[in-house]
Amino acid sequence: MERNMMIAGSGGQGVMMMGKLLAEAVCSSTDLNVTFFPSYGAEQRGGTANCYVVISDEAIGAPLGDEMDEMVVMNDLSLDKFLQKLVSGGTLFINSTIVKAPEDRDDITVIEVPATQMALELGSPKVLNIIMLGVYIGYTGALDEQLMLQGILQKLAGKPKLIPLNEKAFARGLEIGKACRQSSETR
Amino acid sequence: MSEKRVFMKGCEAIAEAAVRSGCRFFAGYPITPQNEIPEYFARRLPEVGGHFVQGESELASVNMVYGAASTGTRAMTSSSSCGISLKSEGVSFCASARIPMVYCNISRGGPGIGSIQPSQQDYAQATRASGNGGFRMMVFAPGDVQEAVDMTYAAFDYAQRDRNPVLILGDGVLGTIMEPVVLPPMRSEEEVRRLKDELRDWALVGHDPKKEERAFILPGGWSTKRQEQTCINNAALYDSWVKDVQVETIGLEDAEVVVTGYGISGRIARSAVNKLRAEGARVGYIRPKTVSPFPYETFEKLDYSRVKAILDVEMSIPALMKLDVELAVKDRTRIETCLHAGGEIMSSREVEAAIRALLQGGRTE
């Protein structure tokens, strides 16, 4: 089975880091094939940034494409630009603090997470991506949550002060993702 | 679970593979989308006693590699498209003087300064005219990061075997994508030294003029007879590469439509081919892994009473690899194309649509 996902937002929102954390964790903790493909303009902050992660138990052909199973969107601009890539039956995760849910797609599942607001409440807007990663893992189960957490902790090995905040952010996201999954299954 | 898998970016994996193969000198000049190659070398080479130089230009850096490789040191440079054009003089000199160096083109949109996005518009330059004088090189076209690693590692051995430059022809997707790779073993310092010593006969190592013959690095001379002989010797070397062809094929035994592409386009096209074959469609696939030498024989062996079309998939307009396919196919079937250029990336859906059109007897354009 092949899972195609895309993360899109603006530079500085941690879009690339989120994709890389996921892909790296899949590489180091499973036998699956995985690709991470970044795409961005020349800007470090403020421009559009997006990346593709493909996870498969077979050889991966195209590392990017026009048919995404899942999409994480962090700003409005990216939603307008990329929503057409999300397949019918796909799942859209939006940062609902700043992104409005699309009105013209009743063929997809939308998971709304006020991630920017949550990040600010936790104490740093920088953990926006870790919250979204938690939601994504909690909802999709694309990777075991413990393995994902290990990946995050490994990344932070050189910055131990940041660990508690990121652990909290991941746990909060995970909780929301799982709750959304449960309610979608009982619906 | 494989313990040895590491998650690496194409550019960085290429640089690491080069170091493991024994590369101890790199000179380059920044250009997107290959900056992670020099960046990685800058940190890594000092760790293994090697040297990294950021030259003042492409021309300076390729000539530093010319110099370093003239001493038998495994040396490399890299650039992207328009930067590769600037290096062409130095590469031609290396080819004339028969210097074993390796270089890498992480190509981008062209012509001219073009765009910084992935493209495959340097095929003809890579395989036919990487500089003046009609020289040839072995040109490897990796389709994924693992191949890029394996091919870079081997490239230094081919360069040394032939005393000739070798080119790794990548593109912006291969350079920036991250994938799991298994890295080849690190050659020991003794082994790297031994490989260099093997070149002592001709390399500029400081021969003792009283005991040994002096070495000369000559990219040309006054004698036309001698220069002609150089060309004859070179041509014989190029002809010998037919044994070194590398190619991936799928389903040629029953194919009615054969899809061909190299590098990233080849990889993307493979997705479409596999999908259609799973539906029972008679689609075949040829991906040249070496584009020089080109796998003419694989096309030669196709059953042209059954193959009703070949689909050439490239991120180049006009199509460039198509010229090699035409040489191989010799009008025995029609050749259609599925193309992008300028930094626009191929999608497997487009390739799939083009194959379906051909299977139904239609055309792609």
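**Entry 1: helices 10 and 13, chain B**

I began with the place where helix 10 of chain B meets helix 13 of chain B: B:Ile268, B:Ala269, B:Ser271, B:Ala272, B:Val273, B:Lys275 and B:Leu276 on the former touch B:Ser348, B:Val351, B:Glu352, B:Ile355 and B:Arg356 on the latter. I take contact as heavy atoms within 4.5 Å. Helices (H or I, at least four residues) and strands (E, at least two) are DSSP runs, numbered from the N terminus.

The model is predicted, and I use local features only at pLDDT of at least 70 and side-chain atom pairs only at pLDDT 80 or more, while totals for chains, interfaces and linings use all residues. Residues are numbered from 1 along each chain as its sequence is written, chains are lettered from A and ligands numbered from 1 in the order in which they are written, and side-chain values use heavy atoms, with hydrogens and water left out.

I then looked up the geometry of this pair. The axes of helix 10 (residues 263-278) and helix 13 (residues 348-359) of chain B come within 8 Å and cross at roughly 50 degrees. That makes helix 10 of chain B oblique to helix 13 of chain B. The axes are lines fitted to C-alpha atoms, for helices over the stretch in contact, with angles from 0 to 180 degrees between N-to-C directions. Angles under 35 degrees count as roughly parallel, over 145 as roughly antiparallel, 65 to 115 as roughly perpendicular and the rest as oblique. The crossing of helix 10 and helix 13 of chain B is right-handed; that is, the near helix is turned clockwise from the far one by less than a right angle, and anticlockwise would be left-handed.

**Entry 2: two more helix pairs**

In chain B, I found helix 1 (residues 10-21) packed on helix 2 (residues 36-47) at an angle of about 40 degrees, with the axes 8 Å apart. This angle makes helix 1 of chain B oblique to helix 2 of chain B. Their crossing is right-handed. Residues of helix 1 of chain B in this contact include B:Ala15, B:Ala18 and B:Val19, and those of helix 2 of chain B include B:Tyr40 and B:Phe41.

In chain A, I checked helix 1 (residues 15-29) against helix 4 (residues 128-140): the axes come within 9 Å and cross at roughly 45 degrees. Helix 1 and helix 4 of chain A are therefore oblique to each other. Helix 1 of chain A supplies A:Met17, A:Met18, A:Leu21 and A:Leu22 to the contact, and helix 4 of chain A supplies residues including A:Ile130, A:Leu133 and A:Tyr136.

**Entry 3: cores and domains**

I listed the nonpolar cores, meaning sets of buried Ala, Val, Leu, Ile, Met, Phe, Trp, Tyr and Cys residues joined through side-chain atoms within 4.5 Å. Buried is under 20% relative accessible area, exposed over 50%, partly exposed in between (1.4 Å probe, protein chains only).

The largest core has 124 residues, and B:Phe41, B:Met76, B:Phe299, B:Val351 and B:Ile355 touch the most other members. Its largest share, eight residues, comes from helix 6 (residues 145-162) of chain B. This core draws at least three residues from each of domain 1 and domain 2 of chain B. A second, separate core of 47 residues includes A:Met16, A:Cys51, A:Ile130 and A:Leu133.

Chain B is divided into domain 1 (5-197) and domain 2 (248-359), with bounds from an automatic or database domain assignment. Their centres, taken over C-alpha atoms, are 27 Å apart. I found 27 residues of domain 1 of chain B in contact with 27 residues of domain 2 of chain B.

**Entry 4: single residues in chain B**

B:Val65 lies in helix 3 (residues 58-70) of chain B and is buried, at a relative accessible area of 0%. Beyond four places in sequence, B:Val65 is in contact with B:Phe25, B:Ala27, B:Ala75, B:Met76, B:Thr77 and B:Met101. B:Glu39, in helix 2 of chain B, is exposed, at 54%.

**Entry 5: backbone exceptions**

Most residues other than glycine have a negative phi, and most peptide bonds are trans. I noted a cis bond joining B:Thr32 and B:Pro33, with omega about 5 degrees, and another from B:Ile317 to B:Pro318, with omega near 0 degrees. B:Arg98 has a positive phi of about 55 degrees and is buried at 19%. B:Asp331 has phi near 65 degrees and is exposed at 78%.
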